[in-house]
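Biologist: I am new to this structure and would like to learn how to read it. Could you take me through it step by step?

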Amino acid sequence: MNQGRALLTASHLSKHFTTEDGLLHAVNDVSFEVKQGEIFGFIGLSGAGKSTLVRCLNLLERPDAGQIIFDGQDMTELNPQGLILARRKMGMIFQHFNLFLQKSVYQNIAYPLYLAGEKEDRIRDRVMTMLDYVDLKDKSAAYPSELSGGQKQRVAIARALAANPKLILSDEGTSALDPETTRSILTLLRKSVQDLGVTVILITHQMEVAKSICDRIAVMEDGRLIEEGPVEQLFVSPKQQRTIRFIQTLEDEIGEQDLKALSGGRVFRLTFPGESARQPILSNLIRRFDVEVNVLAGNINVVRSGKIGYLTIEMAGDPAVVEAGLQFLTDQDVNVEEVKHG
Amino acid sequence: MGEFVQATLETLQMVFFASLFALIMGLPLGLWLTLSKPGGIRENRGVYGTLDVIINLLRSFPFMILMIVLFPLSRLIIGKTFGTTAAIVPLAVAAAPFVARIMEQSLNEVDKGVVEAAVSMGSRTGQIIFRVLLPEALPSIISGITITVINIIGYSAMAGAIGGGGLGDLAIRYGLHRRSMSELWITVVILIVLVQAVQAAGNRISRSIDRR
């Protein structure tokens, strides 16, 4: 999928707001490229600028600087008419669904088709197809107030997909949903990518969402994109210390300050990617080397391509033996980082 | 008896036409306010500021004074300054800015996110107004119109005091000048029935179309 051509390229995007506390750089010189048919996720804490960024992509917010090439057109250079036409090639879903409350489910899904100038019977066919696709065929005449959160988001997805857009933007599309509903919505999005060839750009503050659906993730902090890459790479061997910290924050693990060595040893964070997560590497380590190992924290993350195990351990013993043990771990494809104490 | 029928018809005529013209002037004005307000889809601080001041100015006139001030306008349009038709002019002018505010408030109640969804799908301004904003705000607009009509019923009684005719005129002639309380009470009862009927009808329509 990574061989696909670029559908959207953003370069040096910036957007600032004047607030009471002065200038806020919500988006600060952000560049990235999204390929056709991939699910690209932005993750970051609230206030990191993700929402502003995604809203810049369809010019709900006009960026102060930078360029957005979408489907061969520079979004920022389009005249109003051009912008309207370009927006019809993008669908958007929102945290709070933003359905038309006075329109039925049918009328909600029909709206973008009406915008596209479709004929009545063509609209009816398409709405029925979409209702079937999102599994809400019996809700055609219902109004949004009669639906559950998950059903509302399904309608919103059907509405976003109805006019065959090339790109779906999701602004925290699952943040208002419970975990089970979140999973079903993510499955629906993934299915849309496979069945309809649509591309998805999503933003989320939920690590589970990013891990389970994205092909590539970009991490945002204070308006900047600090690291991007395929999901596995980002979780297994993040390049930036900030990314590591950030991932740890999101996982809601024990904070590093709590990971004090119990018996005077050194503390390491181990990442076991893919296959090595299933091997008894730790017991091999203890059997072969004369070291004391205390497990301080652990976690297994399920990403799209497999499982990734995390373990924070303390290792005590003869310094040379500890070094040899570390080498052993590295040889087993385990990513080892020492946890610094501040 | 015939007097009461006559006066009721005059009041209904005044209220109907004053409401009609107030809505014709006020609804577009309220829409314009909403579109041009800061953050609106056709943001224009100059337009918004000007409309805002004009509406506040008109609304700060006590109705009695506005009627007198508008005598020249009534004469220009109707040809006279007294009578039922002449009273329609100040009634409509007094109610229009009120309608504009009610309309503005109703449109502001529409979730910003819903409008944003419409924008993100590539709607033109006209499509946003007629396909999204107005339908979404309609139940609230109907409630607002109900309040307006009831206000105009109240004002129309005041208009009667300075030669507007209708139930207000009747009440003043019997109640104030002749001290005849039974006739005064009859006009009050008729006004109460009118207000109740309008309110009930407005509530019913608003509720029956609201899907929220």
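Modeller: Gladly! This is a predicted model, so let us begin with confidence. Chain B has a mean pLDDT of 91, and 100% of its residues reach 70 or more.

Biologist: Where in chain B is confidence lowest, and where is it highest?

Modeller: As a general idea, where pLDDT is low, the predicted coordinates should not be read in detail. In chain B, the lowest mean, 85, belongs to helix H8 (residues 166–177) of chain B, while helix H6 (residues 112–120) of chain B has the highest, at 96. For the model as a whole, the scores are ipTM 0.88 and pTM 0.80.

Biologist: Which elements make up each chain?

Modeller: Chain A has 11 helices and 14 strands. Chain B, by contrast, has nine helices and zero strands, and its elements read α-α-α-α-α-α-α-α-α from the N terminus on.

Biologist: What box do the C-alpha atoms of each chain fill?

Modeller: Taken along the principal axes, the box for chain A is roughly 80 × 45 × 40 Å. For chain B, the box is roughly 65 × 40 × 25 Å.

Biologist: How do I read burial, and what part of each chain is buried?

Modeller: Burial is judged by relative accessible area, and a residue counts as buried when that value is under 20%. In chain A, 54% of the 342 residues are buried; in chain B, buried residues make up 48% of 212.

Biologist: And what does the accessible surface consist of?

Modeller: Chain A has an accessible surface of about 15,300 Å², with 47% belonging to carbon and sulfur atoms. Chain B has about 10,400 Å², and there carbon and sulfur atoms account for 67%.

Biologist: How do contacts relate to distance along the sequence?

Modeller: Take the contacts between residues at least 6 apart in sequence. In chain A, 69% of these join residues at least 24 apart. In chain B, the share from residues 24 or more positions apart is 72%.

Biologist: How far apart are the mean positions of the positive and negative charges?

Modeller: Chain A has 38 positive and 45 negative charges, and their mean positions lie 7 Å apart. For the 17 positive and 12 negative charges of chain B, the separation is 3 Å.

Biologist: Let us look at single residues. Is Thr181(A) buried or exposed?

Modeller: Thr181(A) is buried, because its relative accessible area is 18% and the cut-off is 20%. This residue is found in helix H6 (residues 179–196) of chain A. Its side chain is joined to that of Asp178(A) by a polar contact of 2.8 Å.

Biologist: Why is Gln81(A) called partly exposed?

Modeller: Gln81(A) has a relative accessible area of 36%, and partly exposed covers values between the 20% and 50% cut-offs. Gln81(A) sits in helix H2 (residues 80–87) of chain A. The C-alpha atom of Gln81(A) is 34 Å from that of Gly150(A), which is 69 residues away along the chain.

Biologist: Which residues of H2(A) are buried, and what do they pack against?

Modeller: A general idea helps here: an α-helix has 3.6 residues a turn, so residues three or four places apart point the same way. In H2(A), the buried residues are Gly82(A), Leu83(A), Ile84(A), Ala86(A) and Arg87(A). The buried residues of H2(A) pack against strand S4 (65–70), strand S5 (73–74) and strand S6 (90–94) of chain A, together with H6 of chain B.

Technical notes
Residues numbered from 1 in each chain as written. Chains lettered and ligands numbered in written order. Heavy atoms only, no water. Helix = DSSP H or I, 4+ residues; strand = E, 2+ residues; numbered from the N terminus. Buried < 20%, exposed > 50% of the residue type's maximum accessible area, 1.4 Å probe, protein only. Contact = heavy atoms within 4.5 Å. Areas by Shrake-Rupley, 256 points an atom, 1.4 Å probe, with all protein chains shown as cover. Lys, Arg positive; Asp, Glu negative; His and termini not counted. Charge placed at Lys NZ, Arg CZ, Asp CG, Glu CD. pLDDT = per-residue confidence, 0-100. Polar contact = N/O pair within 3.5 Å; in protein donor to acceptor, adjacent residues only side chain to side chain.
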